[in-house]
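Here are some notes to read alongside the structure. Take them one at a time, and look up each part on screen as you go.

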Amino acid sequence: MEPIIKIENVTKKFPEGEGEFVALKNINLEFQEGEFSGIVGPSGSGKTTLLNIIGSLDQPSSGNAWVMDKNVAELSHKESAQLRNLHLGFIFQVYNLLPVYTVFENVEFALLLQNKSKEERRKAVMQALEWVGLENIPDKKPSKLSGGEGQRVAIARAMVKEPKIVLADEPTANLDATNAHAIIQTMKKLNEELGTTFLFSTHDEKVMQYLNRIIHLKGGEVEKDEIITAQNQKS
Amino acid sequence: MIQFILKGIIRDKNRSLLPIIIVALGVTLTVFLSGYLAGVFQDIIHQNARFETGHVKIMSRAYAENNEQMPIDLALLDVEELQESLKNSYPEVEWVKRIRFGGLLDIADEKGNTKGQGPASVMAISLFSKDSHEVERLNIENALVKGSIPSQNGEVLIAHDFSEKLNVEIGDEITYVGSTMYGSMSFQNFIVSGTVHFGTAGFDRGAVVMDIVDAQTLLDMENGATEILGYFETGQYDSEKATKISAAFNQSYASTDDEFAPKMFSLEQQNNLGDMLAYSNYMSQIIVIVLIFAMSVVLWNTGLLGGLRRYKEYGIRLALGESKGSIYRKSIVEAILIGAMGSILGTILGLLATYYMQEVGLDISEMITQSSMLMPSTLRAKMIPSQFYIGFIPGVCAMVLGNMLSGLGIYKRQTANLFKELEV
């Protein structure tokens, strides 16, 4: 089966003073559709840089990064935006909801960018809110939500367009243990029911318990690519 | 999407309220000042119209050619009949007769010897006719310094400065020395009923106001007048109407070569007022452009601040897959909406303020030491058609310009930094 994400000899360098800093060194990775994987590693190991490249937010200095059969290295800004709009969902450490809009409108925004009809949007938004258990509070403003609710709205926003891939950067960093588990369980459920590929960048042990693959990065290189067996994994 | 943007504008007070208030204030100022300037220039026109030109004026052809010399021998005759015919033909216009002429004033002492003398410029108007509005039109009541308005024939008003120069008191007798319209010598005594302040040096040095019947007698100008002035009953000068009436009136005398035939002139055909009107429009445009520029700078800053404040929101939208071009275009649509809202509000406020200043005005009579016949004691604005759209130029353009410039930052933004930026 063709991988949904294929990283091929990817190197990413950033200018630093008169020289350059190598954030990723010749990375080769493949992700199959439906994976629930995580990239872990200390600060500066290249987690976010790799997530940026997979999310078509950045381009590799050399090598190729194929996402949904599109080579991120060759995409124009507009094509990158289109890839994100149609196939990628993002979940951030901070929920980053638009404060003036309601829960419903925050989730709806991603669909407005796809020019979906009002009825299509309404159905999809309510479905997404149901997935995360917030179907009863579509009219609440972000300021009235708890931390857990806020992150669940962010998940609904990422999932409403039913993307093939969801990229989550430390999604539990601002949550207490109970909420963190609840959030990860929600994402795991969506992964299983919808077949969405989830890729996390995380330090959080609670998240790692649920992953079926953990890629350890260190100094911009893959130190270990670990497949977690079902008996070691939390469901 | 427009609906989505509108919701954001309405709900986000930082995004909408402050910019709308600033736009509205700027637009109010632009609209009001535009109306105020129109009012100022209108006052200048009114001042000319009240004193000298009317909205239209009829003189004999010969008089018109030399009117600066006030040649009374070339005055119009049979003016009662002409005035009646004008009333019937143009009932929307008030027609008034006036005579302007010059002579010498002689003031005698108790023994009958001359104690003072001076050249006088006389304006004869209809002071006692029931239908006449000349006293109000010339603001005589407010311009009175001493005494009262003449109550009967034989009484006159003289310029206050002139009275002081000649040492004339209220109730004193003065003698006019001049000539009739046929060239004979003319002498007549008048009683000074009051002194007035004209507000212009030329008149204040030596002007006299008397009733037109007294002047007709004095000048042997029975049923005559040097000019007939027409005033639109609305009080407002209507250039198009004045031109039309003048053309129609003159057409009716086109077949005669008589140099005493009456000829009508519109306001802008007299005293270079046409150039003045064009100049006033030009000046008005320049002042409005300066205001537009000044307001644009202020509103541009508002746009810049708005763009900076929403840096994070734009980041989220980029991450969600909105292109930079789309964000940029929507920020401009938003600026147009905010600019339009502020402009509508500002235009309404500006028009209301102008309307108030047009109808009620600002009474400055207490601020000026002495009201004059020439200077109005109430400042007024004038509503003009351009006020309905002029405010939209700074209101919308400045907001759009501000957003266009601040929005350029969107294109410079590195999406690679989004994860880090959105963690904060």
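1. Let us begin with a word you will need. A residue counts as buried if 20 or more other C-beta atoms lie within 10 Å of its own, as exposed if there are 12 or fewer, and as partly exposed in between. Now look at helix α1 of chain A, residues 47–54: this helix is mostly covered, with eight of its eight residues buried. They are Lys47(A), Thr48(A), Thr49(A), Leu50(A), Leu51(A), Asn52(A), Ile53(A) and Ile54(A). After α1(A) comes Ser56(A), which has a positive phi, near 55°.

2. Before going further, please keep in mind that this is a predicted model. Its scores are ipTM 0.84 and pTM 0.67. For chain B, the mean pLDDT is 85, and 94% of the residues reach 70 or more. As a general caution, where pLDDT is low, the predicted coordinates should not be read in detail.

3. Stay with chain A and find its open sheet. In what order do the four strands of this sheet lie? The order is β2-β1-β4-β5, with antiparallel pairing. β2 (19–31) and β5 (70–71) of chain A stand at the edges and have a single partner strand each, so one side of each is left without a neighbour in the sheet. Strand β1(A), residues 5–16, is joined to β2(A) by nine bridges, and the two run antiparallel. If you would like a place to start tracing this pair, Ile5(A) stands opposite Phe31(A) of β2(A).

4. Another pair in chain A runs parallel: β6(A), residues 88–91, and β7(A), residues 165–169, are joined by four bridges. One bridge to look for links Ile91(A) with Ala168(A) in β7(A). Which way do the residues of β6(A) point? Leu88(A) and Phe90(A) point one way, while Gly89(A) and Ile91(A) point the other way, and all of them are buried.

5. Next, the nonpolar cores. The largest has 74 residues, and those with the most contacts inside it are Ile54(A), Val107(A), Ala128(A), Ala156(A), Met159(A), Val160(A) and Leu167(A). You have already met Ile54(A) as one of the buried residues of α1(A). Which residues does Ala156(A) touch, leaving aside those up to four places away in sequence? They are Val107(A), Ala128(A), Leu129(A), Trp131(A), Val132(A) and Leu134(A). Apart from the largest core lies another, of 61 residues, including Leu105(B), Leu166(B), Phe203(B) and Ala215(B).

6. Now turn to chain B as a whole. Its 424 residues include 43% that are buried, and the chain has 16 helices and 14 strands. Take the contacts in chain B with a separation of 6 or more: 79% of these are between residues 24 or more positions apart.

7. Strand β7(B), residues 173–179, is a good one to follow in chain B, as you can trace its pairing with two strands. With β3(B), residues 93–108, β7(B) shares four bridges and runs antiparallel; here Asp106(B) stands opposite Thr175(B). With β8(B), residues 185–196, β7(B) shares seven bridges, again antiparallel, and Tyr176(B) stands opposite Gln188(B). β7(B) and β8(B) form a hairpin with five residues between them, and in the turn Gly183(B) has a positive phi of about 95°.

8. Two residues in one loop of chain B deserve a look at their backbone angles. Asp220(B) lies in the loop between α9 (212–218) and β10 (224–225), and its phi is positive, about 55°, although it is not a glycine. Asn223(B) is found in the loop between α9 and β10 too, and its phi is also positive, near 55°, in a residue other than glycine. Are these residues buried or partly exposed? Asp220(B) is partly exposed, with 15 other C-beta atoms within 10 Å; Asn223(B) is partly exposed as well, with 13.

9. Finally, look at where the two chains meet. The contact takes 24 residues from chain A and 21 residues from chain B. On the side of chain B, the elements giving two or more residues are α1 (2–11), α12 (311–319) and α16 (418–421). Of these, α1(B) gives the most, with four residues. What kinds of residue make up this side of chain B? Nine are nonpolar, four polar and eight charged.

Technical notes. Residues numbered from 1 in each chain as written. Chains lettered and ligands numbered in written order. Predicted model: local features only at pLDDT ≥ 70, side-chain atom pairs only at ≥ 80, totals over all residues. Pairing = 2+ DSSP bridges. Core = buried A, V, L, I, M, F, W, Y, C linked by C-beta atoms within 7 Å. Contact = placed C-beta atoms within 7 Å. Nonpolar A, V, L, I, M, F, W, Y, C, P; charged D, E, K, R; others polar. pLDDT = per-residue confidence, 0-100.
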